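Okay, thanks for making room for me today. I'd like to walk you through one model, so have a look at it while I talk.

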Amino acid sequence: MKLVLCYLPIVIASFIASTTHASAGQVYHEKSGFVVIEAENFSTQHLDDKRRWLVFSKNTPGHNLADADQAHYHDASNGAYIEILPDTRSNHHETLVRSENFTNNAGTMAVLSYPIYFATPGRYYIWARAYSTGSEDNGVHLGINGHWPESAQRLQLCKGKHAWTWSSAQRVNTNHCGTPNTIYVDIPHKGVHTIMVSMREDGFELDKLLLTKDKSYIPAGKDKSETLSNSKPLKKKTQLLKITDYTRILHAIDSFTIENTGEIPYYQHKAESALAINAVKTAYRNKFAHAEYTVQAKEAGTYTLRLVTLAEIDGESTYIVSINNKEIGRFTNPETTTDYQEIYFNMQDVELTKGDIIRVSSKAVTNGKIPENGGTAFARGRWRALVLSKSD
Ligand SMILES: [Ca+2]
Ligand SMILES: [Ca+2]
Ligand SMILES: [Ca+2]
Ligand SMILES: [Ca+2]
């Protein structure tokens, strides 16, 4: 079997992009008192000059670091795991060098970080899924938020050699194989906390971590899938689609006055967020309706104005924008095959001062194309907004 390896900065990026469940925007979180982490999906690694956690999967290339065992990705959860190398002490015949191939000082060598959102604070028992082939590759330290509480140091496994094995046992002087179900951290409050891993013995192989509030829980096999947030897509806007920068949007419905503004009235077409003319009434056809907005003191300045109208299949309505009865723009909708398609009309360098009356007018017209009730249907002069963008 060929031994394969990647160096970490590359591995993290490529791994997240390709083979793992995790992807951009996904983060670990606690779910019903459980946190399950693929060890290879760590966020950062520090203090890794002498020993380094390396990711192994079927895609990683070979290496020539000291190592006493072959790769074990076949039975690894997510097809990948991490091993801390070089491993210069795989058995007790090889020299123990403190702060090199062994350290009892948690948090001093090859420190990994896994930020996790916990909704439920409290005590979490930590299980590690590890693969040991010798007597000097079966201990690791755990920590939280840069601290290394005694309760999370010296996770150890003795049984289950040459197989992926879950352990939550802490090595103590009276029991070098550790006491089962004793490794834990306390999550002080709801929020993001960073679970950390650091070297105790080189050659240690870690596939997965499982944190549980249930002290009697015993994981088996690959156990649960990693607990990742499931980000829903953010809500996208459906109107004013091409308005990508603006100072102020004057919405036709919310900002403009339509009472007592002319001989024929607008009504509010709320489903389309538009003002419109009820062209069913023949008296309202081919005449301008008006809506008005009074400029406030804080809005004084020079702007580009964009009138957002809605094209309609049954007619090409005309629009007029005026300030204090002086026309500054006159536009006609283009023909369209899509009802309520937004059309944008620009007016450059418009100076607004306090008390100015901005008036938007439009009329209902027919293009004679759409038969209706013995005649043809009318477009209703719909418009949606007047957008103010401050000139630079
Ligand atoms: Ca190895
Ligand atoms: Ca070792
Ligand atoms: Ca090993
Ligand atoms: Ca894994």
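Let's start with one residue, Glu136: with a relative accessible area of 13%, Glu136 counts as buried, because anything under 20% does. Keep in mind that this is a predicted model.

Now, what is Glu136 doing in my talk? Its backbone O is one of the protein donors of the calcium ion, ligand 2. The other donors are Asp87 through OD, Arg89 through O, and Asp202 through both O and OD, and the donors lie 2.2 to 2.5 Å from the ion. If you like to read sites off the sequence, the spacing goes D-x1-R-x46-E-x65-D.

Two of those donors are worth locating. Asp87 is in the loop between β5 (81-85) and β6 (111-118), while Glu136 is in the loop between β7 (122-131) and β8 (139-144), so this pair ties together parts that are 49 residues apart in sequence. And Asp87, buried or exposed? Buried, at a relative accessible area of 5%.

Okay, zooming out. The protein has two helices and 27 strands. Its radius of gyration is 34 Å, and the globule rule gives 21 Å for 392 residues, so the protein is more spread out than a compact globule. You can see that in the C-alpha trace too, which spans about 100 × 45 × 40 Å along the principal axes.

How much of the protein is buried? Buried residues make up 52% of the 392. As for contacts, take the ones between residues at least 6 apart in sequence: 77% of these join residues at least 24 apart.

On the surface side, we have about 18,600 Å² accessible, with 51% of that belonging to carbon and sulfur atoms. For charges, there are 43 positive and 42 negative, and their mean positions sit 5 Å apart.

Last stop, Thr353. Where is Thr353? In the loop between β23 (341-352) and β24 (357-363). Thr353 is partly exposed, with a relative accessible area of 37%. Setting aside neighbours within four places in sequence, Thr353 is in contact with Val295 and Ala300. To get a feel for distances in this model, pair Thr353 with Tyr184: they are 169 residues apart in sequence, and C-alpha to C-alpha they are 67 Å apart in space.

So, to wrap up, if you take one picture away, take the calcium ion (ligand 2) with donors from Asp87, Arg89, Glu136 and Asp202, in a protein more spread out than a compact globule. Okay, that's me done.

Notes. Residues numbered from 1 in each chain as written. Chains lettered and ligands numbered in written order. Predicted model: local features only at pLDDT ≥ 70, side-chain atom pairs only at ≥ 80, totals over all residues. Heavy atoms only, no water. Donors = N, O, S within 2.8 Å, 3.2 Å for Na, K, Ca; no water. Helix = DSSP H or I, 4+ residues; strand = E, 2+ residues; numbered from the N terminus. Buried < 20%, exposed > 50% of the residue type's maximum accessible area, 1.4 Å probe, protein only. Rg over C-alpha atoms; globule rule 2.2 N^0.38 Å. Contact = heavy atoms within 4.5 Å. Areas by Shrake-Rupley, 256 points an atom, 1.4 Å probe, with all protein chains shown as cover. Lys, Arg positive; Asp, Glu negative; His and termini not counted. Charge placed at Lys NZ, Arg CZ, Asp CG, Glu CD.
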